[in-house]
Amino acid sequence: MVDLLGQYQKIKPEIDAALQAVIESTSFINGPAVKAFQENLAKYLQVKHVIACGNGTDALQLALMALDMKPGDEVITTSFTFIATAEVIALLKLTPVLVDVLPDTYNIDPEAIEKAITPKTKAIIPVHLFGQAADMQRLKAIAEKYQLFLIEDTAQALGADVYFPDNGKTKKVGTIGDIGCTSFFPSKNLGAFGDGGAIFTDNDVLGSKLQILANHGMKVRYYHDYVGINSRLDSMQAAILNVKLKYLDEYASARQKAAEFYNKAFAGCPQIITPVTARFTSHVFHQYTLVLKEADREGLMKHLAENGIASAVYYPVPLHLQKAYRDTRYNEGDFPVTEFLSKSVLSLPIHTELTDAMQQEIADAVLYFINNY
Ligand SMILES: Cc1ncc(COP(=O)(O)O)c(C=O)c1O
């Protein structure tokens, strides 16, 4: 689905030099490379505080920890996401409240959020799925109306822009709510060579608390003000990310160009719905995800695999139907859009190293199967 080796080879001298510098500094934890990366990412995002941490899941957990919620408080999120979003809610003994997504963008449905709010609701976690933003203008209005925290899960959309037609402003995803969280998992748009994550906020109090929580709850060494966790981005990963951050917009353009190619290739095929980008966001195509109508998805995946082409289903089982999250509150049929998507989506390879010839081969293989079986 990705070509991490090809991407590395293009910037090998820069990456190798950055790694060598960390090794020779022996400053492996919370060293200057981490500080520099945090500063550069804050500048790129135009946000006051960036706190690097161990991974995207920890980023979400830390965000919830910083907001002083009590067991039983409800957090609303989407039923169509990677499990990490709901996992951290459950781990902290908060109650995940799931809602359905919109059929065109697969992002959380603002109307469904409003219907799910109760006196126990404390926060909303929208996920900017596959590379485009959820409807942040409406979500921000809902959060303000009901006085809820807004935590953005931007693991899949780092670098995407959100346009606010009311004031003509543009903001990066993750900088609109109270806290933004991201992942630097290797295949992400900004990927490390291992695990990594970060949290962003414009709020000074939350910024300093998040920094403390991620480092055992201590500000002064061996004095612990909070029950925290150990979640730090190591200096090697920070050095790599610092190099790759310079190319993030270029990477997004390459992904957009690849998406355009696929869109054109599949335009005349009635069994394939290509991705729709909402008018208020750019799309950085972390995934290129089709919806197949009356097509044999498993058969198509097998056909692609036999031709040496990767494909993947994100996500085959909605959150409310996952074994670990089965709950008497939810039944099959409760979230029809999510359930339809989980049965019909298919993601094709999308990355920075795709050539037109590679994409043509992939598109031809998809269309051959659809038209013949
Ligand atoms: C939407 C979403 N949230 C959270 C995560 C968790 O990130 P990580 O794997 O770095 O813990 C991921 C990705 O893996 C993700 O796709």
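**Close-up views of a predicted model**

**View 1. Tyr373, in the segment after helix H13 (356-372).** The structure shown in this and the following views is a predicted model. Tyr373 has a relative accessible area of 65% and is therefore classed as exposed, the threshold being over 50%. Its C-alpha atom is separated by 8.2 Å from that of Ala295, a residue 78 positions away along the chain.

**View 2. Gly217, in the loop that connects H8 and H9.** Gly217 is buried, because its relative accessibility is 0%. Apart from neighbours within four places in sequence, the residues in contact with Gly217 are Ile212, Tyr223, His224, Asp225, Tyr226 and Gly228. Between the C-alpha atoms of Gly217 and Tyr368, which stand 151 residues apart along the chain, the separation is 57 Å.

**View 3. Helix H9 (residues 235-245) and its surroundings.** Of the 11 residues in H9, 10 are buried, and the helix is thus mostly covered. The buried set consists of Ser235, Gln237, Ala238, Ala239, Ile240, Leu241, Asn242, Val243, Lys244 and Leu245. Among the elements that cover these residues are helix H1 (4-10), helix H2 (12-25), helix H3 (32-45) and helix H10 (248-266). At the N-terminal end, H9 is capped by Asp234, which places a side-chain oxygen 3.0 Å from the backbone nitrogen of Met236.

**View 4. The ligand and the residues around it.** The ligand is surrounded by 14 residues, the closest being Gly56, Thr57, Asp153, Gln156 and Ser183. Gly56 approaches through its backbone, with an N or O atom 2.7 Å from an oxygen atom of the ligand. Gln156 and Ser183 take part through their side chains. In Gln156, a side-chain N or O atom is 2.9 Å from an oxygen atom of the ligand. In Ser183, a polar side-chain atom lies 2.7 Å from a ligand oxygen atom.

**View 5. The largest pocket, with a volume of about 470 Å³.** Its lining comprises 27 residues, and those nearest the centre of the pocket are Phe82, Gln156, Ser183, Phe185 and Lys188. Two elements, helix H4 (56-66) and helix H5 (84-91), give two or more residues to this lining. The greatest contribution is that of H4, with 3 residues. By residue class, the lining of the largest pocket contains 12 nonpolar, 11 polar and 4 charged residues. Gln156 and Ser183, listed here among the residues nearest the pocket centre, also appear among the closest residues to the ligand.

**View 6. The second largest pocket, holding about 310 Å³ of space.** This pocket is lined by 17 residues, of which Asn30, Gln211, Asn215, Met218 and Arg232 are the closest to its centre. Strand E1 (49-53) and helix H8 (204-213) each provide at least two residues of the lining. H8 accounts for the largest share, with 3 residues. The lining of the second largest pocket is made up of 8 nonpolar, 6 polar and 3 charged residues. H8, which contributes to this lining, also precedes the loop in which Gly217 is found.

Key. Residues are numbered from 1 along each chain as its sequence is written. This is a predicted model: local features need pLDDT of at least 70, side-chain atom pairs count only at pLDDT 80 or more; totals for chains, interfaces and linings use all residues. Side-chain values use heavy atoms; hydrogens and water are left out. Buried means under 20% relative accessible area, exposed over 50%, partly exposed in between (1.4 Å probe, protein chains only). Helices (H or I, at least four residues) and strands (E, at least two) are DSSP runs, numbered from the N terminus. Contact means heavy atoms within 4.5 Å. A polar contact is a pair of N or O atoms within 3.5 Å; within protein, one must be able to donate a hydrogen and the other to accept it, and residues adjacent in sequence count only if both atoms are side-chain atoms. On a 1 Å grid over the protein atoms alone, a cavity is a set of points where a 1.4 Å probe fits but cannot get out, and a pocket is an open set with protein on both sides within 12 Å along at least five of seven lines; lining residues have an atom within 4 Å of a point. Grid points are joined across faces, edges and corners, and a volume is the space filled by probe spheres set on the points. Ala, Val, Leu, Ile, Met, Phe, Trp, Tyr, Cys and Pro count as nonpolar, Asp, Glu, Lys and Arg as charged, and the others, Gly among them, as polar. A residue is near a molecule or strand if one of its heavy atoms lies within 4 Å of it.
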